[in-house]
Structure formats: structure tokens, C-alpha cells
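The exercises below concern a single protein chain and its bound ions. Please study the sequence and the model before reading the solutions.

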Amino acid sequence: METAIEKLKSLKIKVTRSRVELLKFLMDNKGHFTAEDIFKRLQAQYPNLNLASVYNNLNLFDEHGMIRRLYTHREKAVWDADARAHAHFVCDVCGEIFDLDLPLIPEKYYLKYSGSFKVSHEEIIFRGICNKCAKKENI
Ligand SMILES: [Zn+2]
Ligand SMILES: [Zn+2]
């Protein structure tokens, strides 16, 4: 598998320690994270890291299609380490985000429904209560 450094080089992104650490984290930890989540987890191994560079580099990786920003109606941006199109379920109680294995709308329909808009991507987010929270609350 391509290493973080190789990946940055292949995309012509300047290799810096904070980019390598961030990309390694995203490659090793598939999931959904805020910049703060990642910052906290990386600080132990890389104390010189700063939060602003985590923010900037997440945006940079997003521009290169390496990760994907999720619009979950949470206050903070949530980033998905998996940039491929996939649907999500968000628990309204604990806020946990789950990947769903669902067929997505074929791209040919984007044009049909978007009229004069230019669609960049689709976003499918189901909301509700996860099993764990449902059990706790006896729903
Ligand atoms: Zn929950
Ligand atoms: Zn996801």
C-alpha cells in the first residue's frame, strides 16, 4: 500500500511533518472525526502539532479529494477518512456517525434532477437513534 509520503508526493503536495502525521492517522483510522478529535489523538506522538495546521491540512486534503467533509448539522465540521460516496446514519442522542452500506443514486440522475444546477456530490444522511441509545432509553 502507498505510504503517506508517497501519496502526498503523487498529488504534488509539499511533504511536511504535520501533513504526514495527519495523513497517516486518516489512513490508519477509518472513521469520522472533527479537527479537534484528530488534534487530541496526535498530540501525544507529535507535541509540536498545532490545531490551525490540522484545520488547514484537512481542507487541503479535501480539495484533493482525499477525504470528504460531512454536513451533519453539528456545529463543527466532521471529516470522513473515506472519500468514496457512501450514506450515513447520525444518532441524534449520542451524535455517533455510522457508515451505511446502501446503493447510491447513479450519477446519470444528477443531471436529470438538477436542471441548471451543477451537482458536486450527493449527501445522504439518515437521522434517528442508534441501537445503543435506544436500549439505554428503552425506546
Ligand atoms: Zn446513539
Ligand atoms: Zn463515512
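**Exercise 1. The chain as a whole.** How many helices and how many strands does the chain have?

Solution. The model is a predicted one, in which local features need pLDDT of at least 70, side-chain atom pairs count only at pLDDT 80 or more, and totals for chains, interfaces and linings use all residues. Residues are numbered from 1 along each chain as its sequence is written, chains are lettered from A and ligands numbered from 1 in the order in which they are written, and side-chain values use heavy atoms, with hydrogens and water left out.

Step 1. Helices (H or I, at least four residues) and strands (E, at least two) are DSSP runs, numbered from the N terminus. The chain has six helices and six strands.

Step 2. Read from the N terminus, the order of the elements is α-α-β-α-α-β-β-β-β-α-β-α.

Step 3. Buried means under 20% relative accessible area, exposed over 50%, and partly exposed in between (1.4 Å probe, protein chains only). Of the 139 residues of the chain, 39% count as buried.

**Exercise 2. The zinc ion (ligand 1).** Identify the protein donors of this ion and determine their arrangement.

Solution. Step 1. Donors are N, O and S atoms within 2.8 Å of the metal (3.2 Å for Na, K and Ca); water is not among the atoms, so sites may look incomplete. For the zinc ion (ligand 1), the protein donors are the SG atoms of Cys 91, Cys 94, Cys 130 and Cys 133, at 2.3 to 2.4 Å.

Step 2. Four donors count as tetrahedral if all angles lie between 85 and 135 degrees. The angles subtended by the four donor atoms here are 105 to 116°, which makes the arrangement tetrahedral. Ideal angles for four tetrahedral donors are 109.5 degrees.

Step 3. Along the sequence, the donor residues of the zinc ion (ligand 1) have the spacing C-x2-C-x35-C-x2-C. Cys 91 belongs to strand S4 (residues 87-91) and Cys 130 to the loop between strand S6 (125-128) and helix H6 (131-137), so the pair ties together parts that are 39 residues apart in sequence. Cys 91 and Cys 130 are both buried.

**Exercise 3. The zinc ion (ligand 2).** Which residues coordinate this ion, and where do His 32 and Asp 99 lie?

Solution. Step 1. The zinc ion (ligand 2) is coordinated by His 32 (NE2), Asp 80 (OD), His 86 (NE2), His 88 (NE2) and Asp 99 (OD), at 2.0 to 2.2 Å.

Step 2. His 32 is in strand S1 and Asp 99 in strand S5 (residues 97-100), so this pair ties together parts that are 67 residues apart in sequence.

Step 3. His 32 counts as buried at 18% relative accessibility, whereas Asp 99, at 44%, counts as partly exposed.

**Exercise 4. The three-stranded sheet.** Describe the strand order and find the edges.

Solution. Step 1. Two strands pair if DSSP finds at least two bridges between them. The sheet is open, has three strands in the order S1-S3-S2, and its pairing is antiparallel.

Step 2. Strand S1 (32-33) and strand S2 (68-70) each have a single partner strand and stand at the edges, so one side of each is left without a neighbour in the sheet.

Step 3. S1 is joined to strand S3 (residues 78-80) by two bridges. His 32 stands opposite Asp 80 in S3, and both residues are among the donors of the zinc ion (ligand 2).

How values were computed: Four donors count as tetrahedral if all angles lie between 85 and 135 degrees; four count as square planar and six as octahedral if opposite donors are over 155 degrees apart and all others between 65 and 115; anything else is irregular.
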